Amino acid sequence: MCASFAPRPKISAVPLALALMQKTDKEQTNLKHLSDDVIMNHLFTKHGDDETIKIDLNDYISFIENVIKSSDQISAASHWAQGSKVHVELSDDSFTYPSSIEPPVCTLHDISKQMGCKAAGIDIAHKTTLDILSKLTKYSWEAKAVLIFAAFAMNYGALWHLDNYSRSDPLAKSLAMIKRVGSLRKELDSVQYGQVFFGPNSLIYSCLKAIKYMNEFKNLSKYDIKEVPELSAALRRIPLVSYWIVHALVASSIDLHCYLSGTEGQTHKYLNELTEKKRSLLVTLEKHHQFIMKQQEEVELYRWLVDQTDHFPTDITLFLSKLIHGKHKARPLINCSTRLEEYIEDFLKEKNLILIVSKRLDVSKEDLDSLNVVYNEVKKGNKHEIVWVPVISDPPAEGDVEAYEALISKMKWYAVPFDTKVAGLRFLEEKWEVREDLLIVVLNTQSKIEFPNAVHLTRIWEKEAIPFTYERANALLKRSWIDSTVVKFTDQPRLNSLAMINKERTMIFYGGHNQGWIKRFEDTAEAIKRDPMLREEGITFELVPLGLNQKGEPDPTIMSRFWTAQRSFFILKHQLQGSTATEHISRLISYENEKGWAIVTKGQTVVIVGGGDLIVKALEEFQTWKKNLRRVGFSGSFKDYFDELTSKSLECTHVNIMGYSGWIPLTVMCPVCRRYMGSGIRFTCAHGRPNIV
């Protein structure tokens, strides 16, 4: 009589409870004394991970799985037959056979022998586990577990194979009789047998799942643990997992031989503790696996994004979809002009992309104003689209939703929905170096980067910077620093024509946050202008205050924009033309927190950039250097004396460009001492923001 596989009957919770009540535990010891620390300490002091002998884990796992599943089918069919003669025909289609396997036969037989015919109990299982592991010192931890599982499967599968053929084969019948296979068949209804051997939640199936996890972790070890940090934690756990796999197999094998010999097997208490231990280990392995898979996906996505921008032309719609969602087709974005959703493929096809990335939801009004000017201009040509990608903390901070809604209400371009977790965050942070400040990357239709961070271009030149290419940036940088970043912040409209500057007139631009310093500077300069010698020589200069509003009052907003423009010009100039082109700018930036500062120009040429008491002192000591006016002129005399004071002061400069996204200079030369400045790392408390562990 032949029978196909039938599932094992469900075991009611009532018989299980009764069985637990009826059976008393002779053994009072439990698994608590075998803590993870105790086990790990023992394993690392007495058992190595040599891996001198290598085995193909995949082949052995296939063998084990074939044996366990086949045995399950035979035992289930035997149970349903209720004593009738039954024979299960196993189909090759449901099994995966090892490509090649050369087992250490003697070792497996020796292990199989050690695992059986022993007294039940935790201490015996623990000691046997350690004894068996000591025989496999030349194998890796996962190989140890696999070989011991193979030894168990070899014996377990042979028993059920004999049972399957004992009705039709005299030899199998004789062997089954001598091995007492019939007594094993009688246990199929017992709760304990099901807990150890039957079904996906049994001990031996849990061991198989754990081995598969370990094998996958080892296969993933090709990744750099710096890229997949969770992998390191998972690999460190392998020795402990291997121990508990072997311990469970030893306990199961002892229980199996107790059935065959008719002696009392493992206690319910012990098996329940062992089952709970395996469940806990599987939960931990599953968490490791989930984190590893997530990190692996991030690594693969990172590599793909790098390849597409650096080496392989890729349609911009695909690149943006993968960057945002990690998939070929992303969720629709929000058109801020209409508040309707549109797919990337519909609005970006065959267009250039101006990609705005922000890690904060406090984009300044000045940046929004500049971007709106840019948007209005690029829409005329219909060759660009602008997309905003906010990187929202997970979980969002209080007030983030309101801040997001407030921002998109002021935008006209496309925005990524608030609840989007940006898949390519690592790429944005490591490759494009997005930090606290805005990052604006311009890409063409094939994802080639036209300009790595156009935020500096927009802050200085707004729509004049279009189409945001290196060629356009270099053309703009040919303009003077004063023309581009200083004149626009004065309260004197007549300077905007640059007529006075182009006439080679001496100009002194000045500003500061200390009104006492400013008054002292102005009074001293005005006194010099009235000096008879200057009048005789026809020498004059223009005093131009910066940062004043239309009422002539200091305006912090204007000055904030001024310093932002200085840093943007400094970064652009340094990036495209080198450090020697930025000396005057770096010196000015270092004076931001000084009481005051001044820039002296003659025509388009910057003569002096000074700050604090030193520049005022140079003016106040005018009588000392005015003797040189006829020889080198006002600006020349002023510069020579200021340089003399500077050389004696030994006050070097510093440049703070913390938080800027994208490329920033790694080396900056001090314009005073002509040496390279040191750099460091500043840690800032995130008080008031979500905790970062």
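Me: Let's start with a word I'll need: buried means under 20% relative accessible area. With that in hand, which residues of strand E11 point one way, and which the other?

Reply: This is a predicted model, by the way. Phe-541, Leu-543 and Pro-545 point one way from E11, while Glu-542 and Val-544 point the other way. Each of them is buried, whichever way it points. As a general point, side chains in a regular strand alternate between the two faces of the sheet.

Me: What makes you call E11 largely enclosed?

Reply: Just the tally: five of the five residues of E11 are buried, so the rest of the structure largely encloses this strand.

Me: And in the whole protein, how much is buried?

Reply: Of the 693 residues, 51% are buried. The protein has 28 helices and 13 strands, and its accessible surface is about 33,700 Å², with 52% of that belonging to carbon and sulfur atoms.

Me: Back to E11. Which strands make up its sheet, and in what order?

Reply: It's an open sheet of four strands, running E11-E10-E12-E13, and the pairing is mixed.

Me: What makes E11 and E13 the edges?

Reply: Each of them has a single partner strand, so one side of each has no neighbour in the sheet. As for the twist, neighbouring strands here are turned by 20 degrees against each other on average, if you ignore direction.

Me: How do you know that E10 and E12 really count as paired?

Reply: Pairing needs at least two bridges. E10 (residues 506-511) and E12 have six, in the antiparallel sense, so they pass that cut-off. One spot to look for is Gly-511, which stands opposite Trp-597 in E12.

Me: Which helices pack on this sheet?

Reply: H26 is one of them, touching E12 and E13, and its direction makes about 115 degrees with that of E13. H28 packs there too, touching E10, E11, E12 and E13, at about 40 degrees to the direction of E13.

Me: How do E10 and E11 run, parallel or antiparallel?

Reply: Parallel, with five bridges joining them. At one point Thr-506 stands opposite Phe-541 in E11.

Me: Which residues of H26 are buried, and what covers them?

Reply: In H26 (residues 612-620), the buried ones are Gly-612, Leu-614, Ile-615, Val-616, Ala-618 and Leu-619. Their cover includes helix H22 (515-529), E12, strand E13 (605-611), H27 and H28.

Me: Now the rings. How many aromatic pairs are there?

Reply: The count is 29. Take Phe-562 and Trp-597, a stacked pair with centres 5.4 Å apart and 5 degrees between the planes.

Me: Why is that one called stacked?

Reply: Ring centres must lie within 6.5 Å to pair, and planes under 30 degrees apart count as stacked. With 5.4 Å and 5 degrees, this pair meets both conditions, so the name fits. Phe-562 is in helix H24 (residues 556-577) and Trp-597 in strand E12 (residues 597-602), so the pair ties together parts 35 residues apart in sequence.

Me: Are those two buried or exposed?

Reply: Buried: Phe-562 has a relative accessible area of 0%, and Trp-597 has 1%. Both values fall under the 20% cut-off.

Me: What makes Trp-625 and Phe-638 a stacked pair?

Reply: Their ring centres are 5.3 Å apart and their planes are at 5 degrees, so this pair counts as stacked. Trp-625 sits in helix H27 (residues 622-625) and Phe-638 in helix H28 (residues 629-649), 13 residues apart. Trp-625 is buried at 1% relative accessibility, and Phe-638 is buried with a relative accessible area of 1%.

Me: Which residues do ring pairs link into a cluster?

Reply: Phe-149, Phe-152, Tyr-156, Tyr-193, Phe-197 and Tyr-259.

Me: How do you know that Lys-144 sits over the ring of Trp-141?

Reply: The charge has to be within 6 Å of the ring centre and within 35 degrees of the ring normal. The charged end of Lys-144 is 4.5 Å from the centre and sits over the ring. Likewise, Lys-329 lies over the face of Tyr-343, at 4.4 Å from the ring centre.

Conventions. Residues numbered from 1 in each chain as written. Predicted model: local features only at pLDDT ≥ 70, side-chain atom pairs only at ≥ 80, totals over all residues. Heavy atoms only, no water. Phe/Tyr/Trp six-rings, centres within 6.5 Å; stacked < 30°, edge-to-face > 60°. Helix = DSSP H or I, 4+ residues; strand = E, 2+ residues; numbered from the N terminus. Buried < 20%, exposed > 50% of the residue type's maximum accessible area, 1.4 Å probe, protein only. Contact = heavy atoms within 4.5 Å. Areas by Shrake-Rupley, 256 points an atom, 1.4 Å probe, with all protein chains shown as cover. Axes fitted to C-alpha atoms, helices over the stretch in contact; angles between N-to-C directions.
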